[in-house]
Number of protein chains: 2
Amino acid sequence: MEVLFQSKGGKIMNRIITISRECGSGGHTIGKMLAEKLGVPFYDKAIIELVAKKSGLAEDMVEKNGEYTTPSLLFNLSRGMFNANDKSLLPLPEQVSAYQTEVIRELAEKGPCVIVGRGADYILRKREDCFNVFIHGSTEDKVKRVVSEHNIPENEAEKHIVSRDKKRAKNYIYLTDRNWGDARNYNLSLDSSYFGIEKCVEIILNYCNI
Amino acid sequence: MEVLFQSKGGKIMNRIITISRECGSGGHTIGKMLAEKLGVPFYDKAIIELVAKKSGLAEDMVEKNGEYTTPSLLFNLSRGMFNANDKSLLPLPEQVSAYQTEVIRELAEKGPCVIVGRGADYILRKREDCFNVFIHGSTEDKVKRVVSEHNIPENEAEKHIVSRDKKRAKNYIYLTDRNWGDARNYNLSLDSSYFGIEKCVEIILNYCNI
């Protein structure tokens, strides 16, 4: 089902919603609900499969290197030595990032969709039809969510959240030169603990297509 | 006029809206429009007058030291030597900050209101009846706004904006240990260039009192 969004100037155009989110903030659920309500594809882990297919790398290597790792200092120092056209010469996080960029740009070209994570807000920054959202929440709520939804033991939950978000932030700043979670990267940032998941979906639906 | 806000749990309680904003983003106008629509007091520069009155300091010293200056390194190193109860012994930015904190807490105690700037989101962080908003915008729009509203020459506008926001960020991180503009400090962050001023007011009005 093709959904058309109304742009500011009244011109009809497709729209892509990117959701960046803290671990446990409910951003994934919000993205999924949005895609269902809009009748558009939802891309989250599906991107990992597509990158794995394109690159020939195993899915777990793509997942680990796509959002949670940064290249080594040694690689940073020797960047100029690599040929950017031959991805197989790049260290894994760079390789995955290059394929991920290609996959996300292709998905955006295909039509309206919701994309969660993987720096899609940055990768698609030159498109004018993207609505970029950041979802965050209280530690208490995030802990509850990772315990119930990710099957993480309660006594490890907070550490798990902090570790994942720290890795996301490092990966993001490395690839984009921007601070992950800075409101200025997104059109809309929402505190899911304040609003609740349904209200977040409602706000995005009401205002993404002004 | 006393306005009552509905809390999440259905309990009626007063609410305070704090607006943090990039220079030129329209946050001041948004705050003023909100206060008018809600029929509650709007505090922006009025805080400077109140701090000046309370402290005996001149208004321009309060303005300069309240949002745009941080204490010297020497003071930071010698913090322990000061008596926190005697504000007159503190360096100016600390003095102003201490009086500003008192004034903002007193204003919040008095009843519903809209407060722009001056780290009110942090100062009132222990209250449960605050709705914290951050407003940002594109450089292009911010330049246009400071030229037309602040009477800044066009060729100096961008430098003026960057300088003011840099000082705000330094002052905020010094006083709060938080990054100014990080979405996680606020319940709602809005890109005024994307939504426009009226829509920002509408979103806040529609969702501040869930």
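## Starting from one serine

Which strand of chain B does Ser20(B) lie in? The answer is β3, which covers residues 16-21 of chain B. Keep in mind that this is a predicted model.

Ser20(B) makes a handy first stop. With a relative accessibility of 7%, Ser20(B) counts as buried, because the cut-off for that label is under 20%. Who keeps Ser20(B) company? Setting aside neighbours within four places in sequence, the contacts of Ser20(B) are Asp121(B), Val133(B), Phe134(B), Ile135(B) and Tyr186(B).

## Chain A at a glance

Let's step over to chain A for some overall numbers. Chain A has 10 helices and 7 strands, and 53% of its 210 residues are buried. The accessible surface of chain A is about 10,200 Å², with carbon and sulfur atoms holding 50% of that.

What about contacts along the sequence? If you take the contacts in chain A between residues at least 6 apart in sequence, 68% of them join residues at least 24 apart.

## One sheet, two chains

Now for the sheet. Its 10 strands form an open sheet with mixed pairing, and the order goes β4(A)-β5(A)-β3(A)-β6(A)-β7(A)-β7(B)-β6(B)-β3(B)-β5(B)-β4(B). At the edges sit β4 (42-43) of chain A and β4 (42-43) of chain B, each of which pairs on one side only.

On the chain A side, β3 (residues 16-21) and β6 (residues 130-136) run parallel, joined by 6 bridges. One of the matched pairs here is Ile17(A), whose bridge partner in β6(A) is Phe131(A). Over in chain B, strand β6 (residues 130-136) is parallel to β7(B) and linked to β7(B) by 4 bridges. In that pairing, Val133(B) has Leu188(B) as its bridge partner. Val133(B) has come up before, as one of the contacts of Ser20(B).

## Where the chains join the sheet

How do the two β7 strands pair, parallel or antiparallel? Strand β7 of chain A (residues 188-191) and β7(B) are antiparallel, with 3 bridges between them. Look for Leu188(A), which stands opposite Leu190(B) in β7(B).

β7(B), spanning residues 188-191, is covered on both faces. Leu188(B) and Leu190(B) are buried on one side, while Ser189(B) and Asp191(B) are buried on the other. That fits a general pattern: side chains in a regular strand alternate between the two faces of the sheet.

## The interface as a whole

Counting contacts, 27 residues of chain B touch 27 residues of chain A. Together the two chains bury about 2,400 Å² between them, and carbon and sulfur atoms give 55% of this area. Three residues stand out: Arg184(B), Tyr194(B) and Tyr207(B) supply 33% of the area that chain B buries against chain A, more than any other three residues.

How are the copies related? A turn of 180° with a shift of 0.0 Å along the axis lays chain B on chain A, with an RMSD of 0.0 Å. That is what a two-fold axis does. Also, 100% of the interface residues of chain B are interface residues in chain A too, so the copies meet through the same surface.

## A helix with a buried face

One last stop: helix α2 of chain B, residues 45-55. Its buried residues are Ile47(B), Ile48(B), Val51(B), Ala52(B) and Ser55(B). Why do they line one face of the helix? Seen down the axis of α2(B), the buried residues fall within an arc of 135°, so they line one face. The spacing makes sense in general terms, since an α-helix has 3.6 residues a turn, so residues three or four places apart point the same way.

Just past α2(B) comes Gly56(B), with a positive phi of about 80°.

Notes
Residues are numbered from 1 along each chain as its sequence is written. Chains are lettered from A and ligands numbered from 1 in the order in which they are written. This is a predicted model: local features need pLDDT of at least 70, side-chain atom pairs count only at pLDDT 80 or more; totals for chains, interfaces and linings use all residues. Side-chain values use heavy atoms; hydrogens and water are left out. Buried means under 20% relative accessible area, exposed over 50%, partly exposed in between (1.4 Å probe, protein chains only). The arc is that of the directions from the helix axis to the C-beta atoms. Copies are superposed by least squares on the C-alpha atoms of residues with pLDDT of at least 70 in both. Contact means heavy atoms within 4.5 Å. Two strands pair if DSSP finds at least two bridges between them. Accessible areas come from the Shrake-Rupley method with a 1.4 Å probe; for residues, only the protein chains shown count as cover. Buried area is the accessible area (1.4 Å probe) that two parts lose on being put together, summed over both.
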